[in-house]
Amino acid sequence: MINQLIRAQLKEVPIFKELTPEELEPFVDISQSRLYKQKMLVFMQEDPLDRVFFIQSGKVKIYKTDMHGKEQIISVLEAGEMFPHAGFFRKGGYPAHAEIIEDATLIVTPIDQFEEILIKYPELCIKLFKVLGEKIIDLQKRLEEQILHNTYEQIIMLLLRLCRTNGVKANDRYKLTTHFTNRELANMIGTSRETISRTISILKKKGFVDFTDDGFYLLDHMRLHDEIF
């Protein structure tokens, strides 16, 4: 019964979707399904890196802290995603903290055993490399945003990125599926909460940004894009 659940869960993860039942079975055998409650830490920065996680349901915040305890949010991950992406083919500690922000079911897989199976399935390695490549491109774009654009433009670019990673189409707008506070948005791009608040107020007056009754962002992707491109 447990294996059937893990099998069904893994089948929904993008890099596993096209595997046959026979190809999927080795991954089922080495994996466990675990429930994590809100605010639990999955792992901490610099903990020994020995497992990789796949999100069946819920949401996970990935963030770093500096020596003063200041937080920088890397991403908020949702169902179907894996983390840490830097977990494969490297040794050492986890590169960031992972915290549950919405009760989550995670599939937990030992990295060493996972890598042994990957060697047997080159096509799965290619899929994994594509995922890693997309993450590298995303990080490059974020770096370019910080170098080439002012804070106002960086905030708009952040909202556009969240449309893609944490949004769903709602008529002519995108609704973010995660509650983001001004402080969390500020931590994503290294600015202040006050700057985020002022900029969101400006964007709201322009009609680019609005909120649902329960506090979720509604974003006009096209007009935000046209504002800076």
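## The largest pocket

In this predicted model, the largest pocket has a volume of about 1200 Å³. It is lined by 44 residues, and if you want to find the middle of it, look for Ser75, His85, Lys135, Asp138 and Arg142, the ones closest to its centre.

Which elements build the wall of the largest pocket? At least two lining residues each come from strands β3, β4 (71-77) and β5, and from helices α4 (122-148), α5 (151-166) and α6 (182-189). Helix α4 gives the most, with 15 residues. Sorted by class, the lining has 24 nonpolar residues, 12 charged ones and 8 polar ones.

## The second largest pocket

Next comes a pocket of about 260 Å³. Its lining counts 14 residues, and Lys141, Glu145, Met157, Arg164 and Phe229 are the closest to its centre.

Helix α4 turns up again here: α4, α5 and α8 (221-228) each put at least two residues into the lining of the second largest pocket, and α4 gives the most, with 6. By class, this lining has 7 charged, 4 nonpolar and 3 polar residues.

## Ring against ring

On to the aromatics: the structure holds 10 aromatic pairs. One of them joins Phe53 and Phe83, which are stacked, with 5.2 Å from centre to centre and 15° between the planes. Phe53 lies in β3 (residues 51-65) and Phe83 in β5 (residues 82-83), so this pair ties together parts that are 30 residues apart in sequence. Are these two rings buried or exposed? Phe53 is buried, at 0% relative accessibility, and Phe83 is buried too, at 1%.

Phe211 and Tyr217 form another aromatic pair, this one tilted, with the centres 4.5 Å apart and 50° between the planes. Here the partners part ways on accessibility: Phe211 is partly exposed at 27%, whereas Tyr217 is buried at 3%. There's also a cluster to pick out in your viewer, in which ring pairs link Phe16, Phe27, Phe54 and Phe114.

## Charges over rings

Two lysines are worth a look as well. Lys61 has its charged end over the ring of Tyr63, 4.9 Å from the ring centre. Lys175 does likewise with Phe216, its charged end sitting over that ring at 4.9 Å from the centre.

Key:
Residues are numbered from 1 along each chain as its sequence is written. This is a predicted model: local features need pLDDT of at least 70, side-chain atom pairs count only at pLDDT 80 or more; totals for chains, interfaces and linings use all residues. Side-chain values use heavy atoms; hydrogens and water are left out. Rings of Phe, Tyr and Trp (its six-membered ring) pair if their centres lie within 6.5 Å; planes under 30 degrees apart count as stacked, over 60 as edge-to-face and the rest as tilted. Helices (H or I, at least four residues) and strands (E, at least two) are DSSP runs, numbered from the N terminus. Buried means under 20% relative accessible area, exposed over 50%, partly exposed in between (1.4 Å probe, protein chains only). A charge sits over a ring if NZ of Lys or CZ of Arg is within 6 Å of the ring centre and within 35 degrees of the ring normal. On a 1 Å grid over the protein atoms alone, a cavity is a set of points where a 1.4 Å probe fits but cannot get out, and a pocket is an open set with protein on both sides within 12 Å along at least five of seven lines; lining residues have an atom within 4 Å of a point. Grid points are joined across faces, edges and corners, and a volume is the space filled by probe spheres set on the points. Ala, Val, Leu, Ile, Met, Phe, Trp, Tyr, Cys and Pro count as nonpolar, Asp, Glu, Lys and Arg as charged, and the others, Gly among them, as polar.
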